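Visitor: I am new to this structure. Please take me through one part of it, up close.

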Amino acid sequence: MTGIDRIKAKILDDAKEIAEENLNRARQEAERIIAEAKSKANEETKKAGQAAMAEAANLRKTADAVSSLEERKRMLKVRQDMVDAAFRAAFEKTLKLPAEEYGGIIRRFILESARDGEGEILFNETDRSRLGEKYVKEINEVLKAEGRKAVLRLSGQTIPNRGGFVLKYGDLEINCTLEIIFNMLRPRLEAEVASILFGA
């Protein structure tokens, strides 16, 4: 295994560990957001189901087997669309949290991801502005208080993402952007989200 492969493997292992440690937090947030959307989801699913059933009734007159298959496809698509919408809503709500709450979530990820040595934190332009140098200084104070040998500085560069951060230690990058975190959590949460939405 080459050095790059080891780094990639290490990054993946770190990301998996972070995701595992934050799974309960993410699940609670997803359940809260999904609960808000559940009544709307049920109503839309019911309407879509009624429309699909009415259309299926017409199709059954000429092709019973085909209409049944098409109905199942439509219902599956409606369900998948609602699951997609729930994850999108959770992502957007996370981005729109008040700065203090959002910073608290990101701080936990940074503290869990920080490695010994000097590193830099890369944010997108929005997060760099709203969190800034004082935020990084506070994180360094926490690291020092915990007796850790990690020192972080705010990078002058920004990253083209919507939220989260990247920690950089020379050639090693630890990607904790929200896009990556949500993509990693989705396979673990998708069945649970569907169960919450549809009671299945």
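Visitor: Let us look at the sheet. How many bridges join strand E1 to E2, and do the two run parallel or antiparallel?

Guide: A word first: this is a predicted model. Strand E1 covers residues 117-123, and 6 bridges join it to E2. The two strands run parallel. In this pairing, Phe-123 stands opposite Thr-158 in E2.

Now widen the view. The open sheet has 4 strands, in the order E2-E1-E3-E4, with mixed pairing. Its edge strands are E2 (150-158) and E4 (172-177), each of which pairs on one side only. From one strand to the next, the twist averages 25 degrees.

Two helices lie across these strands. Helix H4 (residues 99-113) lies across E1, E2, E3 and E4. Its direction is at about 25 degrees to E3, the strand at 164-169. Helix H6 (residues 178-198) lies across E3 and E4, at about 70 degrees to E4.

Back to E1 and E2. A salt bridge joins the side chains of Glu-120 and Arg-153, at 3.2 Å from N to O. Glu-120 sits in strand E1 and Arg-153 in strand E2, 33 residues apart, so the pair links distant parts of the chain. Glu-120 counts as buried because its relative accessible area is 14%, under the 20% cut-off.

For contrast, take a pair within a helix. Asp-127 and Arg-130 also meet in a salt bridge, 3.2 Å from N to O. Both lie in helix H5 (residues 125-145), 3 residues apart, about one turn of the helix. Asp-127 is buried at 2% relative accessibility, whereas Arg-130 is partly exposed at 29%.

Conventions
Residues are numbered from 1 along each chain as its sequence is written. This is a predicted model: local features need pLDDT of at least 70, side-chain atom pairs count only at pLDDT 80 or more; totals for chains, interfaces and linings use all residues. Side-chain values use heavy atoms; hydrogens and water are left out. Two strands pair if DSSP finds at least two bridges between them. Axes are lines fitted to C-alpha atoms, for helices over the stretch in contact, and angles run from 0 to 180 degrees between N-to-C directions. Contact means heavy atoms within 4.5 Å. A salt bridge is a side-chain nitrogen of Lys or Arg within 4 Å of a carboxyl oxygen of Asp or Glu. Buried means under 20% relative accessible area, exposed over 50%, partly exposed in between (1.4 Å probe, protein chains only).
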